[in-house]
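User: I'd like to go through this model with you and ask how each label is earned. Could you start with the core?

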Amino acid sequence: MATNALFFLFAGLAIASAISMVYHKNPLYSAISLVGVFIALSCVYITLAAPFIAAVQVLIYAGAIMVLVVFVIMLLNLDDDQPLNRLKYLYIVGAGLGLVLLVQTLFVFYAVLRAPKQAVATNETVGKTLSIGANMYTMYLLPVEIVGVLLLMAIIGAVILVRRLSQPELENVVDDELTRRDEEDDIGDFRISI
Amino acid sequence: MEPSLASYLALSGILFTIGAAGVIFKRNALGMFMCIELMLNAVNLTFVAFSRYYADVTGQLFVFMVMSVAAAEAAVGLGIIIAFFRNRVSVDVDDASILKN
């Protein structure tokens, strides 16, 4: 009973934070709402008897990734998101596709209702750090190695992407962009009008 | 009494749909990035739920893999956003139209 109450409490918290993330225009508010989703989900993982995944969720997502995102938001000093003013004629197509998505969701809910109500098997060691670690370095050694290579590639890629242009080159790029925007203002922003 | 598997799958579906809607509605590249993280988390929840209900540790190991991919994605994605900001002084995805004409 307590598990049930906690699940619905944190599920509600996760959904509310997710909606708040999509709703807010300010990227910083979105980021803080997303941290709320991650922490609520880590509590949901505890109701699923997965303490290791819950701890890793807080460490990696709420800790590392979101700190990086907030750091980039602060670095770029972003404005609020502008309201949508493009492609108004696509709203009808969007409504049709949304209807298809809704029908698919209902079908998925129908399939989900046939899922087992209780656990089909119980094994108390699943989810403990010991069993995860033992499986990671025996049965799933190859995926772990592949993930290691992937992370190395990501590090090298990130360093190459953000390497700094020399200062005069950077100023040229910024000047070009500003003149392009002035010209666009003169002839009117045709991207919006079509 | 524990919540049924269906509750977890429904929560995951709702979070995934909110994330997908966010990717469509947001114009800010950072906002879209955060919505993709939300969708990855929704998938992680199904992995952990099935891992619990079939008492198999594989699901939790793949959550670990998904988290590593999300970390790699964060590093490269934020690098792309910063490089784009340097060139265009904006993170609006509508400004990424250099190939259009």
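Analyst: Happy to. In this predicted model, the largest nonpolar core has 61 residues, and those with the most contacts inside it include Ala14(A), Val37(A), Leu38(B) and Val48(B). Helices H1, H2 and H3 of chain A and H1, H2 and H3 of chain B each supply at least two residues of this core. H2(B) gives the most, with 12 residues.

User: Why is this set called a nonpolar core?

Analyst: The name requires buried residues of types such as Ala, Val, Leu and Met, joined through C-beta atoms within 7 Å. The set of 61 residues is one that meets this rule, so it is called a core.

User: What does Val37(A) touch, leaving aside residues up to four places away in sequence?

Analyst: Val37(A) touches Ala14(A), Ser17(A), Ala18(A) and Met21(A), together with Leu38(B) and Asn41(B) of the partner chain. Each pair counts as a contact because the C-beta atoms lie within 7 Å.

User: What makes up the side of chain B that touches chain A?

Analyst: The contact takes 64 residues from chain B and 71 residues from chain A. On the chain B side, H3(B) brings the largest share, 23 residues. That side divides into 42 nonpolar, 13 polar and nine charged residues.

User: How do you know whether chain B matches a compact globule?

Analyst: Set the value against the rule: a compact globule of 101 residues would have a radius of gyration near 13 Å, whereas chain B has 17 Å. Chain B therefore does not match that rule. Its C-alpha atoms fill a box of roughly 55 × 25 × 20 Å along the principal axes.

Key
Residues numbered from 1 in each chain as written. Chains lettered and ligands numbered in written order. Predicted model: local features only at pLDDT ≥ 70, side-chain atom pairs only at ≥ 80, totals over all residues. Contact = placed C-beta atoms within 7 Å. Helix = DSSP H or I, 4+ residues; strand = E, 2+ residues; numbered from the N terminus. Nonpolar A, V, L, I, M, F, W, Y, C, P; charged D, E, K, R; others polar. Buried ≥ 20, exposed ≤ 12 C-beta atoms within 10 Å, placed from the backbone. Rg over C-alpha atoms; globule rule 2.2 N^0.38 Å.
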